[in-house]
Amino acid sequence: MRTFAWGVLAMASLVASLFFLRYWRATRERLFAFFSVAFVGLTANWTVLAIVNHPVDEARQAHAYVIRLVAFVVLIVGIIDKNRRSGRP
Amino acid sequence: MSDGDDLPQDVRALLHEHIESYEQLEVLLLLRRERYEEWTVAGLAARLHVDAELVASALARLESAGLAATTPASPAPRFAYRPKSSGLDAAAGRLDREYAERPIRIIQLMSANAIDRLRTAALHTFADAFVLKKRDDHHG
Amino acid sequence: MAEGVYILCALTGILCAVLLYRGYRANRTRLLFWASLAFLLLAVNNVIMYVDLVILRPLDLFWYRTGCALAGMLVLLFGLIWETR
């Protein structure tokens with residue numbers, strides 16, 4: 001059942017990523033490109049969790065958090081980028 | 001994505017950027033046809049059989065689009081067709097012709113633009129939410 | 001290392017949730033409401049992952065934290081699909 005849950009999460013974040021991709025194309029807002037990449041990262045995160053399917057204590061395993069870290073860092077970079085661009089008069 | 005390839009590009013741009021409602025379209029075309037006249041809001045409302053409020057907001061939008069200008073007067077300000085560039089004037093002229101020949105096509109394009117505007121408005125609001133510092137010029 | 005990552009992710013999620021909620025309050029754009037809720041749930045997912053890590057006795061919080069993530073993604077997709085057409 002755990003792999004099923006991760007599979008659902010991976011698919012959901014892939015779909016979200018595709019929506020953000022479309023939004024980026026529609027509005028030229030770079031923030032959406034960052035969001036799209038971040039959610040692709042989450043897709044990878046949950047896919048890897050499912051593939052490795054560590055029996056216990058998976059939260060501490062490197063595969064569980066490294067990709068997630070990258071995804072959230074991309075989000076942060078996107079937010080910073082948005083603020084730097086909007087800060088200009 | 002509507003296939004407005006049959007409509008001239010400048011007409012499509014004019015509709016997409018500056019014409020958001022049917023009142024704006026009617027007001028613009030009337031102002032242009034009788035461009036040597038100056039109108040009050042009430043006068044336009046009576047002539048077009050449209051609510052004065054709608055006419056007033058249409059005129060405001062046309063003014064900020066650079067298609068109309070106000071002359072302050074008493075008892076009420078008067079409006080006239082004053083395109084800020086010859087390109088705009090040409091586009092408005094073509095729009096007039098196209099609307100006369102193919103009104104349904106124009107209306108279809110305006111509806112598609114309206115849907116587009118709604119969709120991207122929400123997205124721009126989403127993106128703007130992530131600006132940490134609110135710009136002070138929006139506050140009183 | 002793992003603890004730091006989950007804390008960072010939780011904080012980022014909360015930041016997004018707060019910014020989006022503030023935007024929703026200003027504009028009443030419903031997309032922002034759903035996105036805000038979604039990021040909050042994703043943040044809670046990370047918080048629970050941190051708790052899972054820190055508590056020595058292995059409590060199996062898997063379905064709590066995964067449930068939050070699932071709810072969050074569901075809410076996000078709902079918002080993206082429903083509010084932008």
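**How the chains and helices fit together**

In this predicted model, 18 residues of chain A are in contact with 18 residues of chain C.

Q: What makes residues of chain A and chain C count as "in contact"?
A: Their C-beta atoms, placed from the backbone, lie within 7 Å. By that test, 18 residues on chain A and 18 on chain C make the list. Helix 1 (2-27) and helix 3 (62-87) of chain A each supply at least two residues of chain A's side, and helix 1 gives the most, with nine residues.

Q: How do you know which classes of residue make up the side of chain A that touches chain C?
A: Sort them by class: 13 are nonpolar, one is polar and four are charged. Asp, Glu, Lys and Arg are the ones that go down as charged.

Q: Why is the largest set of 61 residues called a nonpolar core?
A: To earn that name, residues such as Ala, Leu and Phe must be buried and joined through C-beta atoms within 7 Å. The largest such set has 61 residues, and those with the most contacts inside it include A:Ala38, C:Leu20 and C:Phe39. Helix 6 (103-128) of chain B is one of the helices that supply at least two residues each. Helix 2 of chain C brings the largest share, 15 residues. In general, nonpolar side chains tend to be buried together in soluble globular proteins.

Q: What does C:Leu20 touch, leaving out residues up to four places away in sequence?
A: C:Leu20 touches B:Ala129, along with C:Leu32, C:Ala35, C:Ser36 and C:Phe39. There's also a second, separate core of 24 residues, which includes B:Leu15, B:Ile19, B:Val41 and B:Ala92.

Q: Why is helix 2 of chain B called roughly perpendicular to helix 5 of chain B?
A: Helix 2 (residues 22-33) and helix 5 (residues 86-101) of chain B pack at an angle of about 110°, with their axes 10 Å apart. Angles of 65 to 115 degrees count as roughly perpendicular, so helix 2 of chain B gets that label against helix 5 of chain B.

Q: Which residues make the contact between these two helices of chain B?
A: Helix 2 of chain B brings B:Leu28, B:Leu29 and B:Arg32, while helix 5 of chain B brings B:Ala92, B:Asp96 and B:Tyr99. Four of these residues are nonpolar, none polar and two charged.

Q: What makes up chain B as a whole?
A: Chain B has six helices and two strands, running α-α-α-α-β-β-α-α along the sequence. Of its 140 residues, 24% count as buried.

Note on methods
Residues numbered from 1 in each chain as written. Chains lettered and ligands numbered in written order. Predicted model: local features only at pLDDT ≥ 70, side-chain atom pairs only at ≥ 80, totals over all residues. Helix = DSSP H or I, 4+ residues; strand = E, 2+ residues; numbered from the N terminus. Buried ≥ 20, exposed ≤ 12 C-beta atoms within 10 Å, placed from the backbone. Axes fitted to C-alpha atoms, helices over the stretch in contact; angles between N-to-C directions. Parallel < 35°, antiparallel > 145°, perpendicular 65-115°, else oblique.
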